[in-house]
Amino acid sequence: MHRSIHRPLAVCVTVLTLLGIAAVPATAARKPAIGANGQGTVLVVGDSLTFGANYFGKLGVKAQGTNIWTNVVLDAKNGRKATVGAKVIANKLTSATTAIVIALGTNDMISKSESWYPTYAIDTVMEQAGGLPVLWVNLEFSPTGRADWRARGVRFNRALQSATRRYPNLVIADWNKFFTPKGQSRFVADGVHLSVTGYKTRTTYFINQMKLFGQRIVDATTTTTTTTTSTSSTTTTTTTVPATTTTNPDSSTNSTTPSSTTATSEPPSSSSSTPSSSTP
């Protein structure tokens, strides 16, 4: 009986999500693959935490509203590990992809205790990203949740910071430093997922970090023109150098909501309004 009650809701949300995908190509097709600022598609890959930010906070629509990228492709799935996310990147990358945003690692640290694993998972993702700029949102577990998960989260975040020395195209969004549970913006009982207000807080943070990240990419893309008088010829050179430093929290918000986002995701793992499974 319990199962028969919850399945229709999940199916309904999934169908709505799929309908949203089906409606996107006609709008997206009218846009140029690469914008005047040199940016094309940004690929956002995450787990149920990213789905929650999209479902409750309209992450995908607001990401499109930054007007930095011509298209936003958001792919979020319940229970996804970083190692699986690497395969998603390999399948979703196109010639128009100019940046990647990753919000993965939580499920890896829930299930993997080996000390070597975080570096392995991060390297697996970064190898698929190639030289594209990557923004990676780091991990945080509830301070009142399981101590072993918190310890593994710390290990993953340290490995991610170390990875910036190996990958100059990697930028970290320090969610762990930014988010302090308070009031309605908090973790739920599993110590992993967030309240509805918590997801909205995560969305605001996510968007601010994407704006900083995108602007750094644009600023690092410089066009210089040199003229040789002896031959009367002009040479134009475009150089792209991704930012390498950790991004800092920014309190600004974004209210623009264009609708040409492509989103592929699954419903929250719980049938209630707040995801509550310990598999993000």
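**Exercise 1. Find what comes right after helix 7, then check the helix's length and its surroundings.**

Start at the end of the helix: in this predicted model, helix 7 gives way to Gly130, which has a positive phi, near 65°.

Now the length. Helix 7 covers residues 117-129, which is 13 residues, and at 1.5 Å a residue it should span 18 Å. The C-alpha atoms at its ends lie 19 Å apart, so the expected span and the model agree.

Next, which residues of helix 7 are buried? Take under 20% relative accessible area as the cut-off. You should end up with Tyr117, Pro118, Ala121, Ile122, Asp123, Thr124, Val125, Met126 and Ala129.

Last step: what covers those buried residues? Among the helices, look at helix 5 (82-92), helix 6 (106-111) and helix 8 (147-166). The cover also includes strand 3 (97-103), strand 4 (134-137) and strand 5 (170-173).

**Exercise 2. Work out why strand 1 counts as largely enclosed, and which strands pair with it.**

Begin with the tally. Six of the six residues of strand 1 (residues 41-46) are buried, so the rest of the structure largely encloses this strand.

Then split the strand by direction. Thr41, Leu43 and Val45 point one way, while Val42, Val44 and Gly46 point the other way; both sets are buried.

Now for the pairing. Strand 2 (residues 71-76) runs parallel to strand 1, with six bridges between them; here Thr41 sits opposite Asn71. Strand 3 is also parallel to strand 1 and joined to it by six bridges, and in this pair Val42 faces Ala99.

Definitions and conventions. Residues are numbered from 1 along each chain as its sequence is written. This is a predicted model: local features need pLDDT of at least 70, side-chain atom pairs count only at pLDDT 80 or more; totals for chains, interfaces and linings use all residues. Side-chain values use heavy atoms; hydrogens and water are left out. Helices (H or I, at least four residues) and strands (E, at least two) are DSSP runs, numbered from the N terminus. The expected span of a helix is 1.5 Å times one less than its number of residues. Buried means under 20% relative accessible area, exposed over 50%, partly exposed in between (1.4 Å probe, protein chains only). Contact means heavy atoms within 4.5 Å. Two strands pair if DSSP finds at least two bridges between them.
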